[in-house]
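Colleague: I would like a close look at a single part of this model, taken slowly and with the terms spelled out.

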Amino acid sequence: MNIKVLGGGCKSCEALLKSVKEAVANKGVHAEVEYITDMEKIMGYGVMSMPALMIDDKIVSAGKVLKAKDVEKLL
């Protein structure tokens with residue numbers, strides 16, 4: 001599983017990254033978690049609202065900070 005957190009490095013983006021890492025640990029799934037802050041790459045994914053969460057190259061959330069429980073449901 002490939003998980004990407006897309007954001008500009010703000011507190012909200014950092015909070016989503018933390019929730020994602022917590023959810024992966026709680027579920028015990030093998031996942032590669034990337035934190036992408038490069039705006040060109042983010043625009044390339046077609047994301048306009050940040051933070052955004054991408055799982056296996058599909059945007060599953062944008063513009064909100066999910067709690068770990070919410071992320072677990074998406075895994």
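Colleague: Which residue takes a positive phi just after α1, and of about how many degrees?

Modeller: The residue is G28, whose phi is about 70° and which comes just after α1. Please bear in mind that this is a predicted model, in which local features need pLDDT of at least 70 and side-chain atom pairs count only at pLDDT 80 or more, whereas totals for chains, interfaces and linings use all residues. Residues are numbered from 1 along each chain as its sequence is written, and side-chain values use heavy atoms, without hydrogens or water.

The helix itself spans residues 11-27 (helices are DSSP runs of H or I with at least four residues, strands runs of E with at least two, numbered from the N terminus). Its 17 residues reach 24 Å from first C-alpha to last, close to the 24 Å expected (1.5 Å times one less than the number of residues). Buried along α1 are C13, L16, L17, S19, V20, A23 and V24 (buried is under 20% relative accessible area, exposed over 50% and partly exposed in between, with a 1.4 Å probe and protein chains only). Viewed down the axis of α1, these residues fall within an arc of 160°, so they line one face of the helix (the arc is taken from the directions from the axis to the C-beta atoms). The face turned away from that buried side carries exposed K11, K18, A25 and N26.

Covering the buried residues of α1 are, among others, the strands β1 (2-6), β2 (32-36) and β3 (52-55), together with the helix α3 (68-74).

Conventions: Contact means heavy atoms within 4.5 Å.
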